[in-house]
Each structure stands twice: as C-alpha cells, then as structure tokens.
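The following exercises are to be worked through with the sequence and the model in view. Each task is followed by a solution in steps.

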Amino acid sequence: MMDIQVKQMPAYDVIVVGGGIAGVAAAVAAARGGAKTLLMEKTVTLGGLATQGLISWYEPLCDGEGKQMIHGIAEELIRLSVKYGFEDMPHKWGGVGVPRANYTRYATHYSPHIFALALIRYLEENDVALRFDTLATYPDVEDGICRGILVETVGGREYFPAKMVIDATGDATVCERAGIPTEYGDNFFTYITHELNADDAQKLAESGNFCPARRWRWTGSDLFGNGNTDNKHLQARTADDVTAYMVRGGRTVLDRLEQEDRFSREILSIPTMPQFRKIRRIIGESEFNGTEHDLHIDNAVGTMGDFRKAGRRFELPYTTLYNKAVRNLYAAGRIISAKGDGWEITRVIPVAALSGEGAGTAAALCVKQGCDNHTLDVALLQKALTDAGNRISL
Ligand SMILES: Cc1cc2nc3c(=O)[nH]c(=O)nc-3n(C[C@H](O)[C@H](O)[C@H](O)COP(=O)(O)OP(=O)(O)OC[C@H]3O[C@@H](n4cnc5c(N)ncnc54)[C@H](O)[C@@H]3O)c2cc1C
C-alpha cells in the first residue's frame, strides 16, 4: 500500500460538509451562533440541487392558507434567490409578482446561476470560511465522537479537526461512514434541462419578460411518477448507478434534439449533478413520517407546510437531526430522519434550509455549552431559533 501524506489543516468549531441549501443555512446559523465555521464543498458551486441540479422553483414557506410557516434563514434565502434576478414572489408575500398566473403561495422561480453566485456573497457576509474542490471522504470517529474530516483536494489528502460536524451532503455520506444507520430512497427517473426556443426568444424580445426564456424540459417522470414509462425505481448506491442515470438523461435529450429543427432552440444548461430526489437518509433518534400534521412536538426546531397540499402544518422534531451513536454529528437537508411521506415533505428547498438552520444553531450551542447532540438543552436551542425569527410551534 502506498504511503500517502496527510496534510494537517486548521481546526474549526463547526465543519459543514456540503454546500447545498441545507449546508449554506447550517453554516450561516453556526457562524451567527459564534462558532468558527468551515463549509466544504466537493464541486466549485454552491446550492447543490437547487442550482447545479437546475431546480429553479423555491417551494412555499407558507401553509397554502395564508399562514407563513417557515421564517429565518429559509426566508432570507428565498429573497436572496431573486435579489439579482428578474423573478419574484406574489405581491401578498412582499414580491413584485411571480409571472405565473394564479399562484399565490409564498414561493418563487429564480435563476439557479444567479442564486449560486449570490450564495457565495451570503457566506462571506456571514463569516463562513468556504472551501471548494474539497471532497470529504471519511469522518475520523473514535468512541462515538467525530474528531475531524479527511478530505481529498487538488493539493492532496488533508485532515480538518472539528468540534462539531454537520453532514449536508444530500446523500448522508459522512453519517453513513461514521456508522449511523441509513436508508436508501427510491426514485423515478427525471432529467431536467433549461432550454430556450425561437418562439420564446421572440416573446422575450417583444415583451422584455425573461421568464419564458428559461424553460424546464423534462425527460422521464415528474415527482408523482407521471411519465415513468418503464415503471422502474432507481437508487443511487454506487458510482455506476449515478453514471447510468446521467448517461440515460443525456442520451434521451440528444435523441429528442435529433428529431427537432437544430436552428430552432438552444440548451441553456444541463444538470451538473444527478437529479435523484432521495439518495440516502439517516435513521435518527426519531423518524418524521408525515402523519404528524397539526401535532405539537415538544422538541420542535421549526414549523412547515406541505408543498404538495394546502392546509397541512407540521412541526419538525429536533431528534430527526441526529443519531446519538455519534454525539457531535448532525444531519441537515434531504438526509434528515424522515421516512415515507415525511421524506417527501422535508426534502424540498425551504425545509432543507429549516433543518440546516436547526442543525447549525444546535452545533454552535453544543460548542458553547460543551455538550453533545442528545444532551443539549432543547429549550435553549428553541430560544436561539425563536430569537433568530423562527416559528417553533404551530
Ligand atoms: C428532479 C427534482 C425536482 C425538484 N424540484 C424541486 C422544486 O421544484 N422545489 C424545491 O423546493 N425542491 C425541489 N427539489 C428538491 C430540492 O431541490 C432538494 O432536495 C434540496 O435542494 C436539497 O438540498 P440539500 O442541501 O439537502 O442537498 P443537495 O442539494 O444535494 O446538496 C448537497 C451538497 O453537498 C455536496 N457534497 C456531497 N457530498 C460531498 C462530499 N463528500 N464532500 C463535499 N461536498 C459534498 C454536493 O456537491 C452538494 O453541493 C427537487 C429535486 C429533484 C431531484
């Protein structure tokens, strides 16, 4: 076996692995909580699926009946998503109007590319150290404590010591390798590109409205399985699974392009990460299963609606963010402990930001208090989240 040098890197109070929406929210919350925070991201872009995956629709912060459910960093991020772009939320929610008739929930379209740039500035403004091109490979776990993260970079293999770690990888790589139990998700095949056709370009030139100019084109199925013609459920367990998914997506788009007039359209973007909705999630101290609507939970870290259906309101339990088998590790985003319908409700952008803020705030408090995820005083966490503008109970 080759002897590979490991470079020792500076220690951080909180290391967040993964710069998707959950990771950004977690890192900002931890830094605001006074923790020296590093966010490491394996690519060179922030936003994860919400930017690189071309998901350009921020699901609602409200319950669909006029009540705002999610505040805090999720709300800062929805506003940031449109701050430098041409889209906006409905008037009722303080926007200048979504160019999509009849939609009234607190949601918006946004430009994924502009949002990705804005997220870098957002981290800078919040004193989060950012490291791109840093692939977290293995957590260094000893006696139920993650002492640091081993990474691969262009500069070689490196080791970052940490007091607290937050896994926001979208696939629970850190938690799984730390020994926490996980479950794989089933996916319909979906491949989305952003395209511009000649008719829409004409409309843009005449109206000055850019909205039709970035059109989603689907290959495969929507989230309900409509269009899932081969009736297959896919999982992302290996690099072969991911490769097959991306190759299939690219091939089907190319097949379609072959049938079209090549002078009639352009592809503006292809996804640079696989559009699996659910890869792997942790099995935490509790599992949110989506049946808990209108139910009060003592250890809630926030409230949320259901993006698919108006009138359903939930509290998100703190205990979905960790498994005490590793006492200084949290999960955030689409990998938290939510199963079945609960996974559907929690995997979308606003809830990823909500769980990220919960995990980041909790991690900073653990550093301050010198405690573990399961010994943290939840009342203290709830006070910190409330002080930061969040709603904790229904
Ligand atoms: C087809 C599809 C349609 C969707 N539509 C919508 C929609 O309309 N509206 C909506 O709100 N949501 C939608 N979603 C869901 C939503 O986009 C995501 O679930 C959400 O953005 C997940 O955020 P996250 O931060 O948890 O994870 P991710 O976005 O997956 O971010 C994880 C980040 O971690 C990085 N990373 C992973 N492993 C490592 C590692 N080892 N080291 C360092 N970095 C690592 C990744 O590069 C990535 O940047 C959709 C999802 C899909 C797939």
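**Exercise 1: Strands and hairpins**

A hairpin of 2 residues connects β8 to β9. The structure is a predicted model.

Task: Determine how β8 and strand β9 pair, and which residue in β9 is the bridge partner of Leu 150.

Solution.
1. β8 and strand β9 (residues 156-167) are paired in the antiparallel sense, with 6 bridges.
2. Within this pairing, Leu 150 has Tyr 159 in β9 as its bridge partner.

**Exercise 2: The preceding pair**

Task: Describe how strand β7 is joined to strand β8, and state which residue in the hairpin takes a positive phi.

Solution.
1. Strand β7 (residues 135-142) and strand β8 (residues 145-153) run antiparallel and are joined by 7 bridges.
2. Opposite Glu 142 stands Ile 145 in β8.
3. The hairpin of β7 and β8 has 2 residues between the strands, and Asp 143 there adopts a positive phi near 50°.

**Exercise 3: Cysteines**

Task: Establish how many disulfides the model contains, and explain why Cys 175 has no bond to Cys 146.

Solution.
1. A disulfide requires two cysteine sulfur atoms within 2.5 Å.
2. The cysteine sulfur closest to that of Cys 175 belongs to Cys 146 and lies 9.2 Å away, which is too far for a bond.
3. Cys 366 is likewise in no disulfide, the nearest cysteine sulfur being that of Cys 371, 4.1 Å away.
4. The count by this rule is 0 disulfides.

Task: Decide whether Cys 175 is buried or exposed, and do likewise for Cys 366.

Solution.
1. Buried means under 20% relative accessible area.
2. Cys 175 has 2% relative accessibility and therefore counts as buried.
3. Cys 366, at 2% relative accessibility, also counts as buried.

Key:
Residues are numbered from 1 along each chain as its sequence is written. This is a predicted model: local features need pLDDT of at least 70, side-chain atom pairs count only at pLDDT 80 or more; totals for chains, interfaces and linings use all residues. Side-chain values use heavy atoms; hydrogens and water are left out. Buried means under 20% relative accessible area, exposed over 50%, partly exposed in between (1.4 Å probe, protein chains only). Two strands pair if DSSP finds at least two bridges between them. Helices (H or I, at least four residues) and strands (E, at least two) are DSSP runs, numbered from the N terminus.
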